[in-house]
Amino acid sequence: AVFATVIELKTWRVEKIIESIKTGKSQENPIQVLERATFIFPEPEIFFIQGEIFRHFYLETKETNFSEKAVSSYRRAAEINVFSPKYHRTLAMMLMEIGQYKEAEKEFIKTVEVYPTKALYNFELGLFYKKIGKLNLAKVYLEKGEKLPPSSKDEINLIKEYKSGKSF
């Protein structure tokens, strides 16, 4: 009971920190606040938020140290929760953004492995393969994404766009 209470308190403290950053209530440097939170209880969402901040800095400045920190943070989130397609997908997108296509491919594949029935993830893998010139694999995943039922308006729009400009 004591162990469970300690874990619950740590989780609660980290959730409060994350909420204060998301709502803008914290006046401190968000990176320093998140680093403190990781020492309390390393939750994947903390690393994901760190990755988002570093990714934003990278997109604004194009400095590679920010992209490396974003990748590192996203990778840590994906390592802690290997069953979250969100973390693998975001890591894949960041790796693709910086041109690390082999690593991006692995993460896109993990995303589809974790959630194989989501049309969006299959489409994204297909579009990635199309971008890097692996047209046979692109066709497989684009067709699979087309056959799967969409689960959001974004997926419906993506399928419509794909069907209207289909090049296969």
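Q: What span should the 13 residues of helix 7 have, and how far apart are its end C-alpha atoms?
A: This is a predicted model, in which local features need pLDDT of at least 70, side-chain atom pairs count only at pLDDT 80 or more, and totals for chains, interfaces and linings use all residues. Residues are numbered from 1 along each chain as its sequence is written, and side-chain values use heavy atoms, with hydrogens and water left out. Helices are DSSP runs (H or I, at least four residues) numbered from the N terminus, and the expected span is 1.5 Å times one less than the number of residues. For helix 7, 1.5 Å a residue gives an expected 18 Å, which agrees with an end-to-end C-alpha distance of 18 Å.

Q: How many of the 13 residues of helix 7 are buried?
A: Buried means under 20% relative accessible area, exposed means over 50%, and partly exposed lies in between (1.4 Å probe, protein chains only). By that test the buried residues include A119, F123, L125 and G126, and also N122 and E124. Helix 7 is largely enclosed by the rest of the structure, because its buried residues number ten.

Q: Which helices do the buried residues of helix 7 pack against?
A: Contact here means heavy atoms within 4.5 Å. With that cut-off, the partners of these buried residues are helix 5, helix 6, helix 8 and helix 9.

Q: Which helix gives the largest share of the largest nonpolar core?
A: A nonpolar core is a set of buried Ala, Val, Leu, Ile, Met, Phe, Trp, Tyr and Cys residues joined through side-chain atoms within 4.5 Å. The largest one has 32 residues, and those touching the most other members are Y74, M94, A104, F108, F123, L125 and F128. Helix 3 (44-61), helix 4 (64-80), helix 5 (85-97), helix 6 (101-114), helix 7, helix 8 and helix 9 each supply at least two residues. The largest share is seven residues, and these come from helix 7.

Q: Which residues does F128 touch beyond four places in sequence?
A: F128 sits in helix 7. Although E105 is 23 residues away in sequence, its C-alpha lies 7.8 Å from that of F128. Setting aside residues up to four places away, F128 touches M96, Y101, A104, E105 and F108.

Q: Which residues do ring pairs link into a cluster with F128?
A: Rings of Phe, Tyr and Trp (its six-membered ring) pair if their centres lie within 6.5 Å, with planes under 30 degrees apart counted as stacked, over 60 as edge-to-face and the rest as tilted. Nine aromatic pairs turn up in the whole structure, and one of them joins F128 to Y129 in a tilted arrangement, 5.9 Å centre to centre with 50° between the planes. Y129 also makes a tilted pair with Y141, at 5.9 Å and 35°, which links helix 7 (residues 119-131) to helix 8 (residues 135-147) across twelve residues. Ring pairs join F128 into a cluster with Y101, F108, Y129 and Y141.

Q: Over what arc around the axis do the buried residues of helix 8 spread?
A: The buried residues of helix 8 are A138, L142 and G145. They lie on the same side of the helix, because their arc, taken from the directions from the helix axis to the C-beta atoms, is only 60°.

Q: Which residues are exposed on the other side of helix 8?
A: The cover over the buried residues of helix 8 includes helix 7 and helix 9 (153-164). On the other side, the exposed residues are N136 and K147.

Q: Which ring face does K86 lie over?
A: K86 belongs to helix 5 and is partly exposed, at 33% relative accessibility. Beyond four places in sequence, its contacts are E45 and F48. A charge sits over a ring if NZ of Lys or CZ of Arg is within 6 Å of the ring centre and within 35 degrees of the ring normal. At 4.3 Å from the ring centre, K86 lies over the face of F48.

Q: What is the phi of K62 near?
A: K62 lies in the loop between helix 3 and helix 4, and 48% relative accessibility makes it partly exposed. Its phi is positive in a residue other than glycine, near 60°.
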